[in-house]
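Below is a short report on the inside of one protein model. It looks at cysteines, packing and enclosed space.

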Amino acid sequence: MKSCLSFVAVLAFASAVFAEPDWQNMSLKAESTTRGEGVPQGKVTEHVFKDSKVFPGTIRRYWVYVPAQYEKLPADQSAAIMIFQDGHAYVNEKGEHRVPIVFDNLIHKGEMPVTVAVFIDPGHKKETLPEKAGWQPQPENRSFEYDTLSGDYAKFLLDEVLPTVVKEHGLRISDSPSRRAICGISSGGICAFTVAWNRPDSFGKVLSHIGSFTNIRGGHAYPALIRKTEHKPIRVFLQDGENDLDNAHGNWWLGNLQMAAALKFAKYDSLLVGGKGEHNGKHGGAILPDSLRWLWRDHKQEK
């Protein structure tokens, strides 16, 4: 796998040395399947969001995870936050990513901060939601929301979703971009990058799984933009596989290689982990605990 290893690099700093894990292990780790002994379990609640002004006529599900440790935060402290696009795929504790279990374990071990998670699905253009959350029927507004390079989706999160979550759940969420992360898979992966690219003042960390940095709605332009735009203070983790999609929109693996090369050229704090995987969440889910450790590796020094 020489073609991808040249792009895999771990950036370690004196203040937070990160030991390189086995990025190629495709099996789920214990941290993704079982809460360790004495690990408190966070609470996940399901909700519906409608009446969006940014994306009018849409309705969607979202879930909010609040770690058990949140209740012990001093009154003058706020939680970090991480937002997941295609939320149903990440919140499912029997799925490929199993984020609530991973968060419980890593927060308990102090390997990431006390972090609230919001898992949000793209919008359906219907009056009511499908009976079950999932990929089918595919939300009609998904590509428009996720693959468009404008700042609309960031505005949707910052002006509509987060204020609703904070108000309805009475949560204290950090305003610092270093304490705000965003993640997604496929079109949700490029969406995560787009949010941070447009609003680095609000999101400082990006985790992209099999990101669609291809010409669905112009996403193939990002490598050139990264090279020619003033550096932005964001940290970026990319995961993809050599056997990802290759179609009229482009080649996903080459798109991620181009992203990694551009980020390296522009001296971003970034990492691409490549493998033999296809267009699914198996590899990203297997390495999720280590991906989060890398993303939050210096959280104890961040404010």
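How many disulfides does the count come to? The count comes to 0 disulfides. The model is a predicted one.

## Cysteines

Take cysteine 183. Its closest cysteine sulfur belongs to cysteine 191 and lies 11 Å away, too far for a bond. A disulfide needs the two sulfur atoms within 2.5 Å. Cysteine 191 is in no disulfide either, as its nearest cysteine sulfur is that of cysteine 183.

Are these cysteines buried or exposed? Cysteine 183 has 0% relative accessibility, so it counts as buried. Cysteine 191 is buried too, with a relative accessible area of 1%. The cut-off for buried is under 20%.

## Nonpolar core

The largest nonpolar core holds 81 residues. Within this core, Met82, Phe103, Phe193 and Leu292 touch the most other members. Helix 6, residues 152-169, gives the most to the core: 8 residues.

What does phenylalanine 103 touch? Leaving aside residues up to four places away in sequence, its contacts are Tyr65, Met82, Phe84, His108, Met112, Thr115, Ala117 and Leu292. Two of these partners, Met82 and Leu292, are themselves named among the core members that touch the most others.

## Helix 11

Leu292 belongs to helix 11. This helix covers residues 288-295, and 8 of its 8 residues are buried, so the rest of the structure largely encloses it. The buried residues are not just nonpolar ones: Asp290, Ser291 and Arg293 are included. Leu288, Pro289, Trp294 and Leu295 are buried as well.

## Cavities

How many cavities of 30 Å³ or more does the count come to? The count is 2.

The largest cavity has about 60 Å³ of space. Its lining is made up of Arg60, Arg61, Asp121, Pro122, His124, Leu129, Pro130, Lys132, Ala133, Gly134 and Pro137. By class, that lining has 5 nonpolar, 2 polar and 4 charged residues.

The second largest cavity has about 50 Å³ of space. Phe55, Phe144, Glu145, Thr148, Ser150, Asp152, Tyr153 and Thr194 line it. They divide into 3 nonpolar, 3 polar and 2 charged. Which helices each supply at least two residues of this lining? Helix 5, residues 142-147, and helix 6 do. Helix 6 thus appears here as well as in the largest nonpolar core, where it gives 8 residues.

Key. Residues numbered from 1 in each chain as written. Predicted model: local features only at pLDDT ≥ 70, side-chain atom pairs only at ≥ 80, totals over all residues. Heavy atoms only, no water. Core = buried A, V, L, I, M, F, W, Y, C linked by side-chain atoms within 4.5 Å. Buried < 20%, exposed > 50% of the residue type's maximum accessible area, 1.4 Å probe, protein only. Helix = DSSP H or I, 4+ residues; strand = E, 2+ residues; numbered from the N terminus. Contact = heavy atoms within 4.5 Å. 1 Å grid on protein atoms, 1.4 Å probe; cavity = no way out; pocket = protein on both sides within 12 Å on 5 of 7 lines; lining within 4 Å. Points joined across faces, edges and corners; volume = space filled by probe spheres on them.
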